[in-house]
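Biologist: I'm new to this, so could you give me a close look at just one part: the salt bridges? Please take it slowly and keep it connected.

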Amino acid sequence: MGYNLGMDYEKINAMREGGKIMAQIFRDLREYTKVGMTGRQISDWVEKQILDAGAGVAYYEPEVDFPGSICVSVNDELIHGIPKDIPFEEGDKISYDLVIKYKGYYVDSAFTMILGKPTAAQRHLLSYTESSLYEGIEQVKPGAKLGDIGFAVQKT
């Protein structure tokens, strides 16, 4: 039995367009992030990119009350880090998590990068976490259960 999610071409296209905006911001963010910058500077820059693209900053809504436009987690911070005024250093592991609002829909994605040249351990971490992501994605198909996806990620 399938589910009718009420999706039509216009809605799907709006989500696709929002995804393209986010993808461009992420491509640019990888290049923009430099040693000595701070999470607060990144957040300000990301906000400008979102607004210039015609999208909305999802985190500034009153019910969310997040002090920035993007989550910035550095080194041992796992997720949803608040942008700080602490300068990035060579070798920092920086994770960005972004939600934008576009044409009434929310687009959410994240990525992790190493600032500068990664150590062998950092390369290992990023390689295995990326592999586990793709193993989880492979499980997404009609009839799949959330536990199947989680198991594939955990196993990898």
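Modeller: Let's fix some words before we start: a residue is buried when its relative accessible area is under 20%, exposed when the value is over 50%, and partly exposed in between. Also keep in mind that this is a predicted model.

Now, the setting. The protein chain has four helices and four strands, and along the sequence they come in the pattern α-α-β-β-β-β-α-α. Of the 156 residues in the chain, 33% are buried.

On to your salt bridges. Side chains of opposite charge can pair when their charged atoms come close. The structure holds four salt bridges, and I'll walk you through some of them, starting in helix α2.

Helix α2 covers residues 39–52, and Asp-44 and Arg-40 sit four residues apart in it, so about one helical turn separates them. Their side chains meet in a salt bridge, at 3.6 Å from N to O. How open is this pair to the outside? Asp-44 has a relative accessible area of 40%, so it falls between the two cut-offs and counts as partly exposed. Arg-40 is partly exposed as well, at 23%.

Stay in helix α2 and you'll meet Asp-52 and Lys-48, again four residues apart, or about one turn of the helix. They form a salt bridge whose closest N and O atoms are 2.6 Å apart. Here Asp-52 counts as exposed because its relative accessibility is 54%, while Lys-48 is partly exposed at 48%.

Next comes a bridge that leaves the helix. Glu-17 pairs with Lys-103, and their closest N and O atoms are 3.0 Å apart. Glu-17 belongs to helix α1 (residues 9–32) and Lys-103 to the loop between β3 and β4, so this pair ties together parts that are 86 residues apart in sequence. Glu-17 is partly exposed at 25% relative accessibility, whereas Lys-103 is exposed, at 55%.

What surrounds Lys-103? Strand β3 (residues 93–102) and strand β4 (residues 105–114) pair in the antiparallel sense over ten bridges. One of those partnerships links Ile-100 with Val-107 in β4. The hairpin has two residues between its strands, and Lys-103 takes a positive phi near 50 degrees there. So to picture that last salt bridge, find the loop between β3 and β4, then look across to Glu-17 in helix α1.

Technical notes: Residues numbered from 1 in each chain as written. Predicted model: local features only at pLDDT ≥ 70, side-chain atom pairs only at ≥ 80, totals over all residues. Heavy atoms only, no water. Pairing = 2+ DSSP bridges. Buried < 20%, exposed > 50% of the residue type's maximum accessible area, 1.4 Å probe, protein only.
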